[in-house]
Structures are given as C-alpha cells and as structure tokens.
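Open your viewer, switch to a cartoon view, and get ready to click along. Each stop tells you what to select and what to look for there.

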Amino acid sequence: MAKEQLRKGLARSAAKKRGEDPSGKDMANISTMLEAQMDRLQLCSDIRSAVLNADFVIEAVVENRHIKEDVFIEAQEHCSPYAVLVTNTSSICLTDLCSCIRDHSRFAGLHFFNPVPVMKLVEVISTPDTSKETHAKLLDFCMSLGKRPVSCKDTPGFIVNRLLVPYLLDSIRMLERGDASKEDIDAAMCYGTSCPMGPLHLCDYVGLDTIANVMSEWRRSMPEDTRFTAIPLLEKLVREGKLGRKTGQGFFKY
C-alpha cells in the first residue's frame, strides 16, 4: 500500500510538470522515469533495516515529540556512529529532542515542504551544538536533490511556519466568529494576495490534527503568546475525525 501511494504521488508531480511543458518534450518517458524513481526506493517495516548503512537518518513521523524521541532512541541502536541524525519536524524545537540524542554535533533539522517532489525549499536548522561540518553536509545534501536550502536557528516554527501558522489560525478564528464564510475567506486571500490556495484549504491540506499538534507544542514552549490558545472549532473537528483531505472532510469536503 505504501509503495502504491508513493507511485501515485510521483505520478501527480509528473503530471503537474507536464502541464508546465505543453510540448511534453521533457516528459516523453514519464512511465520510465517513475519506474526509475521507484527502483531507487527500498521499503522496509523495521527501523534497524532502514538505518543500518545510512549516512543520513531522517525521521518524518507524526508531529509528536515523544514518538520522535522513540524513533531516534531505536535508530541509534543500529545506525553508524558517524551517521547524521535529522528530524523533519515542522514545529518542535530541536533542543527539546536533544535529550535522546547521543552526539549533539551530528543532530540537526531538515524541514521539507509538501508536496516534496514539487516544492524546492528546505529549511536547514541547527542547534547551538550542531557542528559546522554537519550543517555543511546537510546543505550539500539538499542541493544534490535540486532543493533550495535556507539556514535557520532552532526557533519554534523556524522561518516559514513561524510566519504561516498564525495566519492560518487567524483564518480559523475568523470563520469561528462568523466574520465571513469559509469560501469567501479563501477566495479573498487567493484573489486579493495571489495565494495559490486559501488558508482554510491549506489547513485541510496540512491536516487539522497537525495544526492542532503544532498549536499544543507552541503553547507549551511559548505560554505567554496568546496567538496559540486553543480554538474550539479546530478542536471539535479533530475530535470528530474530520482532519482534512486525508479523511475526506475538514473545513471542506473532498
């Protein structure tokens, strides 16, 4: 099932690229390209097999600090002592994860953006203990993937989400207050600011549970910031299992 989901995701990305190139000259062998990409993937169901000979160990599990810690604890039992350990967290401070890391100089963050095959940006996050060598390796790694890395200190939300999440939360509060309909909120931002996607659709795309987890984590780390107080409407949708696109319904139906 996981392999088929990956194949579908890569096919969607290829279709978007073909749309940007009506002549199709660069996409003549889409099927061949997809198979070549899939052949480079090795899927496994246990952490030991995944990390045994890895130069980079990148976790991308659910946005929950304790689950991430468990992954790193097990990974370090099997990976090379020289491997660079990386978290793909979008909101958790890296220093909060350091307690489970044996060598802090080889630990850093790489925050990829969805959809990863399309989005070029990667935030490269360093803690005060991350070595210059580790940081340089990660910059080179990102560029080898054709990505555009930007460097950031270990601060909640890093660059993009520290600016983006308050905007998304304000859109939810606006809907909750009844200031405007969900359709008009999204239309206003798309047509008024040329955003490719309205904030409520973007919340659904990210996942409402992920948004709620980010809020919870930031309330813990920044209790004085009232922007991250709980939003009853968001909590209600999460309780009902309406998490966005992945469940077929969030603020909108899919």
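Start with the sheet: five strands form an open sheet in the order β1-β2-β3-β4-β5, with mixed pairing. Two strands count as paired if DSSP finds at least two bridges between them. Strands (E, at least two residues) and helices (H or I, at least four) are DSSP runs, numbered from the N terminus. Select β1 (56–59) and β5 (148–153), the edge strands, each of which pairs on one side only. From one strand to the next, the twist averages 30°; axes here are lines fitted to C-alpha atoms, for helices over the stretch in contact, and angles run from 0 to 180 degrees between N-to-C directions.

A word on the model: it is predicted, so local features need pLDDT of at least 70 and side-chain atom pairs count only at pLDDT 80 or more, while totals for chains, interfaces and linings use all residues. Residues are numbered from 1 along each chain as its sequence is written, and side-chain values use heavy atoms, leaving out hydrogens and water.

**Next, select β3**

Strand β3 (residues 107–112) pairs with β2 (residues 84–87) in the parallel sense over three bridges. Its pairing with β4 is antiparallel, over four bridges. Click G109: its bridge partner in β2 is T87, and in β4 it is I125. You can also find L85 opposite F107.

Which way do the residues of β3 point? F107, G109 and H111 point one way, and A108, L110 and F112 the other way. In a regular strand, side chains alternate between the two faces of the sheet. Six of the six residues of β3 are buried (under 20% relative accessible area; exposed is over 50%, partly exposed in between, with a 1.4 Å probe and protein chains only).

**Now show helix α5**

Helix α5 (residues 132–144) packs on the sheet, touching β1, β2, β3, β4 (121–126) and β5. Its direction makes about 170° with that of β4. Contact means heavy atoms within 4.5 Å.

Select T134 in this helix. T134 is buried, with a relative accessible area of 4%, and its side chain reaches the backbone oxygen of S105 at 2.8 Å. Leaving aside neighbours within four places in sequence, T134 is in contact with V84, S105, R106 and A108.

Move along α5 to C142, which is buried with a relative accessible area of 0%. Beyond its neighbours within four places in sequence, C142 is in contact with L110, V122, V124, K147 and P149.

**Then jump to helix α8**

Which residues of α8 (residues 199–206) are buried? They are P199, L200, C203 and D204. Look down the axis of α8: these buried residues fall within an arc of 145°, so they line one face of the helix. The arc is that of the directions from the helix axis to the C-beta atoms. Show α6 (160–177), α7 (182–193) and α9 (208–221) too, since they are among what covers those buried residues. Just after α8, click G207, which takes a positive phi of about 110°.

**Finally, zoom out**

The whole chain has ten helices and five strands. Along its principal axes, the C-alpha trace spans about 55 × 55 × 30 Å. Buried residues make up 39% of the 254 residues. Among contacts between residues at least 6 apart in sequence, 63% join residues at least 24 apart.

Technical notes
Polar contact = N/O pair within 3.5 Å; in protein donor to acceptor, adjacent residues only side chain to side chain.
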